[in-house]
Amino acid sequence: MSFFKGFAVTGRLPFKPKVTVQYPEEKRPKPERFHGRHVLNRYEDGMEKCIGCELCAGVCPARCIYVRGADNPPDEPVSPGERYGFVYEINFLRCIHCDMCVEACPTEAITESKMFEWSFVNREDAIYTKAELLVDDAGKPRELPWEDWKPGDDRNTSAWVRATGPGGSAAMEGRVLWSGELGYGVRPAQKGQSDPSSADYPAETDLSLREMISNALRGIGVDGKRPVPGDSGQGAAGGTA
Amino acid sequence: MGDPVFVNGLDLAVWLILLVKVVVIFVIVLVSVLFMVMYERKAVAWLGVRYGPNRAGPNGWLQSLADGTKLLFKEAFMPRGADKPIYRIAPYLMLIPVFLTFSIVPLGGTITIAGHITRLQLADPSWGILFLLMCSGVAVYGVMLAGWASGSKYPLLGSVRATAQMVSYEAVLGLTIATVVVVTSSLRTSAIVRAQHGGFLYHWNFIHTLILPFVLFAVAITAEMTRPPFDLVEAEEELSGGYNLEYSSIDFAWFYLAEYAALVTNSAIIVTLWFGGPDGPRIAGNSIGPVWFAIKVLIILYIYVWVRATLPRLRYDQLMDLGWKRMIPLSLAMLMIVAGFQITPTSTSSSPVARFFVEREWGLLAILASVVLFVLFTLAIEVGKGATDVDAAYEARLAEEGDE
């Protein structure tokens, strides 16, 4: 009888709703921390976040990132602080989207969007330079002709996507420990995922060196206060000097 | 008895009608193969909670056409050790019998073309259904020679399996067809169909032969076609493809075509032999035989796919056990029983029970003999099992080794 039971099992299946997602027409929702194509972010005042420190290039396991830093022009600074990313290239034929560069970045400059559906017809197109990676003046990622951006693919590209907080700890829920970016502002923190009284919850003053550098570059002192906007570039430069 | 188109001799019109019929049958088989490949892929997808191919053409129904076109443009490859003439001829040895088989299938009643009445059937020889056995016998050569001529070991193993399997199950085919022939007392396919007319379901052979021969026939013809669950002939895991492994391009396409044409043709044969062929209720007084025929074939085809999606593949020894130890004795017993009850009783008794048993001594004798033979046969198998049961022998050896 179990012989016929098997037929009953398969016989019922055609009447069940299909599990297939008709891919190009309908797509599954992407996870919030999906690793897609990179973007180079800017601060809300339009300054570039990248300082040309090459930490991303150093940590990249696929060796697909090439960065050269340069001193900021004093009269027209590109980024707050002394240096800025003069050359920034990612070879997407090598990138494995591990997100290590995002974790390593001290200034939350490089993050990953949700866009993964794109293809190239030659190798030059695969090497993205600053011209393609850097968000435009409205803070939106530049949508290249061979890329298929869907609504929502550009969301959540702030340092919020990182696995660890700026302090190096995983417990950053419930507190905003990242800067805002041009066009989107500050992404609110997720609530209720960790207990503030737990041991791995970072104290207010427990800042890592990286975070202190980051704050200093953004013109925020050790007290966590931001000076008046307008003289932030000069102020930060003076602070680190 | 023959086709009424021949009553006035052979003139040009008759020849033309025959030519048109040949072409139509050929096209029907070809188109039904294109359809069947898609139907199977769709149905097996439905049975897997998927949609199946749905990109090429309307809802994906042109996918098999695209696949076939791709196959034609591939490189025709032949291994160095191949036996060239046999290697080239083997696909046709498999393909032609399948097309020939379809010519004896009655698709409906008669139609009138230019004053000539003709049957919706290409050929209606008096030895009709034996033609099926002949064709399936020839198809074995295709498989055998394809495996042999490839000059490669996996195809050879596959073809050895296939040959043994097809030859074994041919006996069951013959015995179950004999049951139908006994009931309808004719080998002519048109006569077999006509004998089943007159009542939807009630007069069909699968009822008249007590269902079991139909089941045996269906299993045997599945094995004959090497369809799942009897597809160990082309087990990818063991033989990486079986007898057609060394074929590509158009030659492989012929094998593929032959396989699916055989599926459609044999479903048509099943419908003809057991389910009344084009028999079915008339719609508004019109006989719609071909429509009923198509519906029945579609249902049989779906069942084939359903079986494929459900049952796991049999092992080689299980296949042989099923064939020789179960199905051949059973089909022989069913032939005896059905034949035994064919003598029409002339009793005038009013009681239906009495009418059934009086003058049925041959039938009762057949049942008795079948039971006795079956018991004896089962006993023989049990006695011989110790020597042939692979699993038991293996376990016994394990236990022995454990003791040492």
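Reading from the N terminus, chain A runs through its elements as α-β-α-β-β-α-β-α-β-α-α-α, which comes to seven helices and five strands. Helices (H or I, at least four residues) and strands (E, at least two) are DSSP runs, numbered from the N terminus. This is a predicted model, where local features need pLDDT of at least 70 and side-chain atom pairs count only at pLDDT 80 or more, while totals for chains, interfaces and linings use all residues. Residues are numbered from 1 along each chain as its sequence is written, and chains are lettered from A and ligands numbered from 1 in the order in which they are written.

Chain A has 241 residues, and 30% of them are buried. A residue counts as buried if 20 or more other C-beta atoms lie within 10 Å of its own, as exposed if 12 or fewer do, and as partly exposed in between, with C-beta atoms placed from the backbone. Contacts tell another part of the story: two residues are in contact if their C-beta atoms, placed from the backbone, lie within 7 Å. Take the contacts in chain A between residues at least 6 apart in sequence, and 67% of them turn out to join residues at least 24 apart.

Next comes the sheet of chain A. Three strands line up in the order E2-E3-E5 to make an open sheet with antiparallel pairing. Strand E2 (65–71) and strand E5 (127–128) of chain A sit at the edges with a single partner strand each, so one side of each has no neighbour in the sheet. Two strands pair if DSSP finds at least two bridges between them. E2(A) and E3(A) are joined in the antiparallel sense by seven bridges, with Ile65(A) standing opposite Ile90(A) in E3(A). Strand E3 (residues 83–91) of chain A also pairs with E5(A), again in the antiparallel sense, over two bridges. Here Ile90(A) has Tyr128(A) as its bridge partner in E5(A), and Asn91(A) stands opposite Ile127(A). Strands of a sheet pair through backbone hydrogen bonds, either parallel or antiparallel.

Chain B has a hairpin of its own. Strand E1 (110–113) and strand E2 (116–119) of chain B run antiparallel and are joined by four bridges, one of which puts Ile113(B) with His116(B) in E2(B). Two residues lie between the strands of this hairpin, and Ala114(B) in the turn has a positive phi of about 50 degrees. Ala114(B) is exposed, because it has just 8 other C-beta atoms within 10 Å. Its C-alpha atom is 9.3 Å from that of Ile17(B), although the two are 97 residues apart along the chain.

For a contrasting case, look at Gln63(B), which belongs to helix H2 (residues 63–72) of chain B. Gln63(B) has 20 other C-beta atoms within 10 Å, so it is buried. Setting aside neighbours within four places in sequence, Gln63(B) is in contact with Met38(B), Pro53(B), Ala56(B) and Gly57(B). From Gln63(B) to Ala380(B) there are 317 residues in sequence and 52 Å in space, C-alpha to C-alpha.

Helices pack against each other too. In chain B, the axes of helix H5 (residues 153–184) and helix H8 (residues 212–224) come within 8 Å and cross at roughly 150 degrees. That makes H5(B) roughly antiparallel to H8(B). Axes are lines fitted to C-alpha atoms, for helices over the stretch in contact, and angles run from 0 to 180 degrees between N-to-C directions. Angles under 35 degrees count as roughly parallel, over 145 as roughly antiparallel, 65 to 115 as roughly perpendicular and the rest as oblique. The residues in this contact include Tyr169(B) and Leu173(B) of H5(B), along with Phe217(B) and Ile221(B) of H8(B). By class, the contact of H5(B) with H8(B) has ten nonpolar, three polar and two charged residues. Ala, Val, Leu, Ile, Met, Phe, Trp, Tyr, Cys and Pro count as nonpolar, Asp, Glu, Lys and Arg as charged, and the others, Gly among them, as polar.

Finally, the two chains meet, with nine residues of chain B in contact with ten residues of chain A. On the side of chain B that touches chain A, helix H11 (residues 289–310) gives the most, with three residues. That side divides into six nonpolar residues, two polar and one charged. Helix H1 (residues 2–12) of chain A packs with H11(B) at an angle of about 110 degrees, their axes 9 Å apart. H1(A) and H11(B) are therefore roughly perpendicular to each other. Gly6(A), Phe7(A), Thr10(A) and Gly11(A) make the contact from H1(A), and Trp306(B), Ala309(B) and Thr310(B) make it from H11(B).
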